[in-house]
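Work through the exercises below with the model open. Try each task before you read its solution.

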Amino acid sequence: MNLSLGPLTYCWNKTVTFEYYEAVADTAIDTVYLGEVICSRRRELKYKDYLELASLLNNKGKKVILSTLTLIESASELVELKRIIDNAEFAIEANDMAAVNLAQEAAIPFVAGPTLNLYNRASLDIMQKIGMTRFIMPYELSKYWLQQVLAESSNTFETEVLGYGYIPLAHSARCFTAKHHQKPKLDCQIICQQYPKGILTQTQESQPLLRLNGIQTQSAAKVNLINQMTDMSAIGINYFRISPSGFEDIALIKQLSNLDEINLTGINIERPANDCNGYWYGEPGMNLQDNVTI
């Protein structure tokens, strides 16, 4: 099973972003997703910057996939989307049906992103017929669901599952970070850049609950399926996705990449007490079914 690095969901400044991906380039990770998937108002990196990063990673032997916005809201965003679809060099991850439609019109194969709401085999078969080459499972589904779907007929597309990182739970047209600062969305001053891992919210009992990231709501805890990698490989999952959260990702990528076979021997990274894996087992997402160690 290969490792992939999902698109950056946070608003980091350009210098930090380039330093991060330069470090990623020196790892043995197989696939890297690049692109703004949350908000087009995050203007730190332009289209040409993502192409520059893509070339850097490609020259280091990485497969690069350009990710599209999750929520298309304006004509200008459609124009930018078309530029990504027509880049003529790198594959794309379609995170909105508008991207699927444009990719189909251009006869360009695409990766079906986890926000496309593909919940049954019939939907996957339709996507495959119009160009889907890889399916990224929606975050809230389980291994039992995936096993059943993959067993329904011969599987000719790749599968990918978020294995480590904060879970995207919902997207909204409203920007929660701007609202938190009492700023209008259209004049937010890119306030989300102040929160490199989003805004952590808590319950009245001061327990971590959610993470606000612009228009996106994430889990407070990281999903951690490292102990489940053997099972994931056995049921036919091709890619274990890591969602970027900081430079600590580099150490994890290097250690997982250096394993000769899927086991946890030698992995010794301190784990926060509130990691979770409930969705994988068909339980509430914040649950941790077993003692996951990384």
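Buried means under 20% relative accessible area, exposed over 50%, and partly exposed in between, with a 1.4 Å probe and protein chains only. This is a predicted model, where local features need pLDDT of at least 70, side-chain atom pairs count only at pLDDT 80 or more, and totals for chains, interfaces and linings use all residues. Residues are numbered from 1 along each chain as its sequence is written, and side-chain values use heavy atoms, with hydrogens and water left out.

**Exercise 1. Backbone and exposure**

Task: Find where Ala-107 lies, and decide whether Ala-107 is buried or exposed.

Solution:
- Step 1. Helices (H or I, at least four residues) and strands (E, at least two) are DSSP runs, numbered from the N terminus.
- Step 2. Ala-107 sits in the loop between helix 4 (97-105) and strand 5 (110-112).
- Step 3. Its relative accessible area is 65%, so Ala-107 is exposed.
- Step 4. Now check phi. Most residues other than glycine have a negative phi.
- Step 5. Ala-107 is not a glycine, yet has a positive phi of about 55°.
- Step 6. Asn-117, also not a glycine, has a positive phi of about 60°. Asn-117 belongs to the loop between strand 5 and helix 5 (121-129).

**Exercise 2. A contact across the sequence**

Task: Place Glu-19, then state how many residues separate Glu-19 and Phe-247 in sequence.

Solution:
- Step 1. Helix 1 (residues 14-25) holds Glu-19.
- Step 2. With a relative accessible area of 41%, Glu-19 is partly exposed.
- Step 3. Glu-19 and Phe-247 are 228 residues apart in sequence. In space they are 9.2 Å apart, C-alpha to C-alpha.

**Exercise 3. Helix packing**

Task: Classify the angle between helix 1 and helix 2, and that between helix 3 and helix 4.

Solution:
- Step 1. Axes are lines fitted to C-alpha atoms, for helices over the stretch in contact, and angles run from 0 to 180 degrees between N-to-C directions.
- Step 2. Under 35 degrees counts as roughly parallel, over 145 as roughly antiparallel, 65 to 115 as roughly perpendicular and the rest as oblique.
- Step 3. The axes of helix 1 and helix 2 cross at roughly 20° and come within 10 Å. Helix 1 is therefore roughly parallel to helix 2.
- Step 4. Helix 3 and helix 4 pack at about 45°, with axes 10 Å apart. This pair is therefore oblique.
- Step 5. A crossing is right-handed if the near helix is turned clockwise from the far one by less than a right angle, and left-handed if anticlockwise. Helix 1 passes helix 2 in a right-handed crossing. Helix 3 passes helix 4 in a right-handed crossing too.

**Exercise 4. The largest pocket**

Task: Which element gives the largest share of the lining of the largest pocket?

Solution:
- Step 1. On a 1 Å grid over the protein atoms alone, a cavity is a set of points where a 1.4 Å probe fits but cannot get out; a pocket is an open set with protein on both sides within 12 Å along at least five of seven lines; lining residues have an atom within 4 Å of a point.
- Step 2. Grid points are joined across faces, edges and corners, and a volume is the space filled by probe spheres set on the points.
- Step 3. The largest pocket holds about 480 Å³ of space. It is lined by 23 residues, and Glu-36, Ser-40, Leu-45, Leu-69 and Glu-80 are the closest to its centre.
- Step 4. Helix 3 gives the largest share, 6 residues.
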